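Here is a brief report on a single chain. Look at the overall fold before the details.

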Amino acid sequence: MTKNISITALENLLAAGGVNLVDVRESDEFAAGHVPGAVNVPLSELENRLAELDKETSYHLICQMGGRSLRAAAFLDGMGYDVTSINGGTEAWTGELEK
């Protein structure tokens with residue numbers, strides 16, 4: 001079963017530090033604005049970029065509204081990664097977005 005948390009829980013985790021946040025939106029969407037500290041690994045490239053992710057590391061996945069991050073989390077979970085999807089995505093983010 002895929003783990004997921006709210007955007008509020010993510011905000012609290014980010015404030016505490018140490019979150020590996022992966023934005024699975026396409027590169028142009030990421031460039032238009034993303035949660036500070038996120039790295040971009042688009043869902044469409046995820047399978048080909050698995051070598052960039054460490055199975056010993058926990059990741060939080062975010063997209064625009066939550067659908068793609070859930071798909072990415074299900075895929076990665078099935079591959080043995082520790083992942084959590086963010087409900088509501090960047091659409092629910094209340095802070096400033098980085099560009």
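## Fold and dimensions

The chain has 4 helices and 5 strands. This is a predicted model. Along the sequence, the elements follow the pattern β-α-β-α-β-β-α-β-α. The radius of gyration is 12 Å, close to the 13 Å that the globule rule gives for 99 residues, so the chain is as compact as a globular protein of that length. Its C-alpha trace spans about 30 × 25 × 20 Å along the principal axes.

## Burial, contacts and surface

Of the 99 residues in the chain, 39% are buried. Contacts with a separation of 6 or more were also sorted by sequence distance. Within that set, residues 24 or more positions apart account for 63%. The exposed surface of the chain is about 5,300 Å². Carbon and sulfur atoms supply 51% of that area.

## The sheet

The strands form an open sheet of 5, in the order E1-E5-E4-E2-E3. Pairing is parallel. Strand E1 (3–5) and strand E3 (39–40) stand at the edges. Each has a single partner strand, so one side of each is left without a neighbour in the sheet.

One pairing can be followed at residue level. Strand E2 (residues 21–23) runs parallel to strand E4 (residues 58–62), and 3 bridges link the two. Asp23 has Ile62 of E4 as its bridge partner.

## Helices on the sheet

Helix H1 (residues 7–16) packs on the sheet. The strands that H1 touches are E1, E2, E4 and E5 (82–86). The direction of H1 makes about 85° with that of E1.

Helix H3 (residues 67–78) packs on the sheet as well. H3 touches E4 and E5. Its direction makes about 170° with that of E5.

## His60 in strand E4

Is His60 buried or exposed? The cut-off for buried is under 20% relative accessible area. His60 has 12% relative accessibility, so this residue counts as buried. His60 is found in strand E4.

Which residues is His60 in contact with, leaving aside its neighbours within four places in sequence? The list begins with Ile5 and Leu13. Val19, Asn20, Leu21 and Val22 follow. Thr84 and Ile86 complete it.

Technical notes. Residues are numbered from 1 along each chain as its sequence is written. This is a predicted model: local features need pLDDT of at least 70, side-chain atom pairs count only at pLDDT 80 or more; totals for chains, interfaces and linings use all residues. Side-chain values use heavy atoms; hydrogens and water are left out. Two strands pair if DSSP finds at least two bridges between them. Contact means heavy atoms within 4.5 Å. Axes are lines fitted to C-alpha atoms, for helices over the stretch in contact, and angles run from 0 to 180 degrees between N-to-C directions. The radius of gyration is taken over C-alpha atoms; the globule rule is 2.2 Å times the number of residues to the power 0.38. Buried means under 20% relative accessible area, exposed over 50%, partly exposed in between (1.4 Å probe, protein chains only). Accessible areas come from the Shrake-Rupley method with a 1.4 Å probe; for residues, only the protein chains shown count as cover.
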